[in-house]
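Subject: Structure for you to look at

Hi there,

Here is the structure I promised to pass on, with my notes underneath. Could you open it and read along?

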Amino acid sequence: SRPLSAAASERAAQAAQVSADAIAEAPPQARIEPIDDADIATLHNSPLGAAKAQFHQTYVISETADGIVIIDQHAAHERLVMERMKAAMDEGALAGQILLIPEVVDLPEHHIAALLAQTPVLQKAGLEIDAFGEGSVIVRQTPALLGEVNAKSLIYDLAEELSEIGTMTNFDQKIEHVIATISCHGSVREGRQLNASEMNALLR
C-alpha cells in the first residue's frame, strides 16, 4: 500500500486522539467495588454471595462459592421493603409520616372513587387520603418506612391498581396489592450508584 501523505497522517493522528479522548471521557459501564478480605468467606457462603461490581447502575454482580449471580438492584430492594412492610403490618397498621405540606393530586373520578372506597386498606398501609373538591384528593400522610417519597406518583399508581382490583372482596388481597405498589416506590431505582455495603445489604 502507498504511504500516507503528511496531511493524511496528521488527520489520522487527530482522529485517533479524538477517539482516545472520547473513550477516556465516556462514563463507566461497570464499576468494581472493593470488599474487605475478612468478609469474603462469610459472604460466599450466603446464597447470593458477595457483591463484586455494579453494572450500568442497574445490576449487582456477586460472586458465590461456585459461580456468579446477577441481581436487579430495584427488584432486590423492593423485595426487602415489602418484607419489612409485611413484618410491620403483622404488628398492626404501618406508621405514617404527616406531610408538612399536604399534596393535592388531580385524578379521574373513577380513580378517586377507587381510592376512597379503600380508605381502611390505605390507612393500614400508613396512608391518609381525603377527597378535596372536585376531581382531586389530598394526601396528608405517607408510610414512614418509605422516608421521602413522591406522593403524587404513588397515588397515581395506587389509584390505577385499586381501580383494576375493584371487584376483589378479600381485604388481605387488597393489602397485598397496596403493599406491592408502595414497596416499588420505596425501592432503590436503576441509575443509582451503590457502594459495597449497600450492594451486599441487597443480597441478604
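Accessible areas here come from the Shrake-Rupley method with a 1.4 Å probe. On that footing, the protein exposes about 12,000 Å², and carbon and sulfur atoms supply 54% of this area. Please keep in mind that this is a predicted model.

Now the overall picture. The secondary structure comes to 8 helices and 7 strands. Of the 204 residues in the protein, 37% are buried. If you take the contacts with a separation of 6 or more, 64% of them are between residues 24 or more positions apart.

**The nonpolar patch**

Which residues form a nonpolar patch on the surface? They are Phe55, Tyr59, Ile68 and Ile70, and together they have about 400 Å² of accessible area. Two of these residues are worth a look in strand S4: Ile70 has its place there, in the run of residues 68-72, and Ile68 lies in S4 as well. Exposed means over 50% relative accessible area. Ile70 counts as exposed because its relative accessibility is 57%, and Ile68 counts as exposed at 62%.

Ile68 also has partners from elsewhere in the chain. Not counting residues up to four places away in sequence, Ile68 touches Ser62 and Glu63. The C-alpha atoms of Ile68 and Leu48 are separated by 8.4 Å, with their positions 20 residues apart along the chain.

**The salt bridges**

How many salt bridges are there? The count comes to 3.

Glu63, which Ile68 touches, takes part in one of them: its side chain meets that of Lys52, at 3.9 Å from N to O. Glu63 lies in strand S3 (residues 59-63) and Lys52 in strand S2 (residues 50-55), so the pair ties together parts that are 11 residues apart in sequence. Glu63 is partly exposed, with a relative accessible area of 29%, and Lys52 is partly exposed at 27%.

Another salt bridge joins the side chains of Arg140 and Asp130, at 2.9 Å from N to O. Here Arg140 lies in strand S7 and Asp130 in strand S6 (residues 128-131), so this pair ties together parts that are 10 residues apart in sequence. Arg140 is partly exposed, at 31% relative accessible area, and Asp130 is partly exposed too, at 30%.

The side chains of Glu83 and Arg79 also meet in a salt bridge, with 3.3 Å from N to O. Both of these residues lie in helix H3 (residues 73-90), 4 residues apart, or about one turn of the helix. In general, an α-helix has 3.6 residues a turn, so residues three or four places apart point the same way. Glu83 is partly exposed, with 43% relative accessible area, and Arg79 is partly exposed, with 34%.

**Gln141 in strand S7**

Do have a look at Gln141, whose place is in strand S7 (residues 136-143). Is Gln141 buried or exposed? Gln141 is buried, because its relative accessible area is 17% and buried means under 20%. Its side chain reaches the backbone oxygen of Gly126 at 3.4 Å. Leaving aside neighbours within four places in sequence, Gln141 is in contact with Gly96, Gln97, Ile98 and Leu99, and also with Gly126, Leu127 and Glu128.

**Helices H6 and H8**

Tyr156 has its place in helix H6 (residues 151-164) and counts as partly exposed, at 37% relative accessibility. Which residues is Tyr156 in contact with, once neighbours within four places in sequence are left aside? The answer is Val105, Asp106 and Leu107. Tyr156 and Asp106 are 50 residues apart in sequence, while their C-alpha atoms are 9.0 Å apart in space.

In helix H8 (residues 196-203), the buried residues are Ala196, Met199, Asn200, Leu202 and Leu203. They cover an arc of only 155 degrees around the axis, which puts them on the same side of H8.

That is what I have for now. Enjoy exploring the structure!

Best wishes

How values were computed:
Residues numbered from 1 in each chain as written. Predicted model: local features only at pLDDT ≥ 70, side-chain atom pairs only at ≥ 80, totals over all residues. Heavy atoms only, no water. Buried < 20%, exposed > 50% of the residue type's maximum accessible area, 1.4 Å probe, protein only. Helix = DSSP H or I, 4+ residues; strand = E, 2+ residues; numbered from the N terminus. Arc of directions from axis to C-beta. Patch = residues over 30% accessible without salt bridge, like charges linked within 9 Å, V, L, I, M, F, W, Y side chains within 5 Å. Salt bridge = Lys/Arg side-chain N within 4 Å of Asp/Glu carboxyl O. Contact = heavy atoms within 4.5 Å. Polar contact = N/O pair within 3.5 Å; in protein donor to acceptor, adjacent residues only side chain to side chain.
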